[in-house]
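User: I'd like to practise reading a protein model with you, one feature at a time. Shall we begin with what is packed inside?

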Amino acid sequence: MEDHHLNEKILPMTSVTSGEVRKVREDIYCLSVQIVNVIFLGLPKSGTWILVDAGMPRSAEIIKKNAEAIYGTDHPPAAIILTHGHFDHVGALIELMEYWKAPVYAHIKEMPYLTGQESYPEPDPSVEGGLVAKISWMFPNEGINLDEKIQPLPDDQSVPGLDGWKWIHTPGHTKGHISLFRESDRSLIAGDAFVNVRQDSLYKVFTQEREISGPPRYLTTDWEAAKQSVRWLEALKPKIAVTGHGHPAEGEELDIGLSKLAREFDSLAKPDHGKYVE
C-alpha cells in the first residue's frame, strides 16, 4: 500500500482553533487540525463510534489522542468514512487505518483517487480570491493507493458502523463527494460541499471568521454539480451543520447563510473565471 509520501506534504498554514475539540451534540465532536475539521460520531459511553475524514498530514497523533480521550483506548472506530479524498481529508488516513484496523469507506466515484488509478485535477490558482487561492498550486493533488482496504459505501445510503445516519452524494467539489445527514435531529456533516469560512482567504482561514461559503474554489471542478449539491442540502433544512472547514453552524446563522448561498450560488460561490469555470 503506497502513501505517495503524503507525510512529506506539509503546508505551513493553521488557524487559531487548531487543536480544539468542540462538542457539537452529545454524540458529535469536531476536532480542528490546522485548517480542516475531523469529526467523531458516537456516544462516548456506547463505545461505538466512527471517524469522518482523516485530517492533514502528520495529524495522526492528535486525532488518536482526542478520540481516545472521548471513547477510551479499547474502543477503535467501527469505520472511517471519507467525505472525499483531497489531501487535507486523508492526510493521516494510512497511519490511522493501520493503528485502529478499521474499515474505510468512500463513494464509488471517489475510488479511482483512492486506489492509485488517478490523481485529482490540479488546483486552480487563477480563480479570484485571497492568498490561499494564489498558493494552491503547491497543494498536492496525487491520489493515494489504499488497495483493497477501501470499500464503496452501501447502495442503501446507510452509514457503516452507525445507525440513524445516511450518506448523500453531493458532487461538485469532487466526483464522489458525500455528506452525512441524520433525520432525527437534522444534523448535517457537510464535508466541503459548503464551508463556514472563506477558504481562499488566508486571513479568514487563520482567524476562522464565520461565513457560509461555497466549496473551496481552487479545488472545485464542477460548479453546476456543486450548486445542485448545496441546494439539495439546503432543502433538508438542517438544524446544525459541521463543515470541513470553519466552525459548526446552527440556528439563524445556518438558516440565513445556507438559504442565501443556495439562492445566489453563482454570484457568491462560483468564480468569475478559472480553468474549471465554463
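User: Which residues of the largest nonpolar core touch the most other members?

Analyst: Happy to help. The general idea is that in soluble globular proteins, nonpolar side chains tend to be buried together. In this predicted model, the largest nonpolar core has 36 residues, and the ones touching the most other members are Phe40, Leu51, Ile63, Ile80, Leu82, Leu93 and Leu96.

User: Which elements give two or more residues to this core?

Analyst: Strands and helices both take part. The strands are S2 (28-33), S3 (36-41) and S6 (104-106), and the helices are H1 (60-71), H2 (87-90), H3 (93-100) and H4 (111-114). Apart from this core lies another one, of 21 residues, including Val230, Leu233, Leu258 and Ala262.

User: Let me zoom in on one member. What is leucine 93 in contact with, leaving aside its neighbours within four places in sequence?

Analyst: Leucine 93 is in contact with Ala54, Ile80, Leu82, Val104, Ile144 and Leu146. Two of those names, Ile80 and Leu82, also appear in the list of residues that touch the most other core members.

User: Now a charged residue. Is aspartate 88 buried or exposed?

Analyst: For this we need the cut-off: buried means under 20% relative accessible area. Aspartate 88 has 6% relative accessibility, so it counts as buried. The residue lies in helix H2.

User: What does aspartate 88 touch, not counting residues up to four places away in sequence?

Analyst: Its contacts are Val36, Gly55, Met56 and His245. With histidine 245 there is a polar contact between the two side chains, at 3.4 Å. You can also compare positions along the chain and in space: aspartate 53 is 35 residues away in sequence from aspartate 88, and their C-alpha atoms are separated by 8.8 Å.

User: On to the sheet. What is the order of the strands in the open sheet of six?

Analyst: Read across, the order is S8-S9-S10-S11-S12-S13, and the pairing is mixed. Strands S8 (158-159) and S13 (249-250) stand at the edges; each has a single partner strand, so one side of each is left without a neighbour in the sheet.

User: How many bridges join S12 to S13?

Analyst: Two bridges join strand S12 (residues 240-243) to S13, and the pair runs antiparallel. Isoleucine 240, for instance, has glutamate 250 in S13 as its bridge partner.

User: Where is the pLDDT below 50?

Analyst: Start with the chain as a whole: the mean pLDDT is 86, and 83% of residues reach 70 or more. The pLDDT is below 50 over residues 12-16, a stretch with 17 contacts beyond near neighbours in sequence. Residues 199-208 are also below 50, and that stretch has 39 such contacts in the model.

Notes:
Residues are numbered from 1 along each chain as its sequence is written. This is a predicted model: local features need pLDDT of at least 70, side-chain atom pairs count only at pLDDT 80 or more; totals for chains, interfaces and linings use all residues. Side-chain values use heavy atoms; hydrogens and water are left out. pLDDT is the predictor's confidence in each residue, from 0 to 100. Contact means heavy atoms within 4.5 Å. A nonpolar core is a set of buried Ala, Val, Leu, Ile, Met, Phe, Trp, Tyr and Cys residues joined through side-chain atoms within 4.5 Å. Buried means under 20% relative accessible area, exposed over 50%, partly exposed in between (1.4 Å probe, protein chains only). Helices (H or I, at least four residues) and strands (E, at least two) are DSSP runs, numbered from the N terminus. A polar contact is a pair of N or O atoms within 3.5 Å; within protein, one must be able to donate a hydrogen and the other to accept it, and residues adjacent in sequence count only if both atoms are side-chain atoms. Two strands pair if DSSP finds at least two bridges between them.
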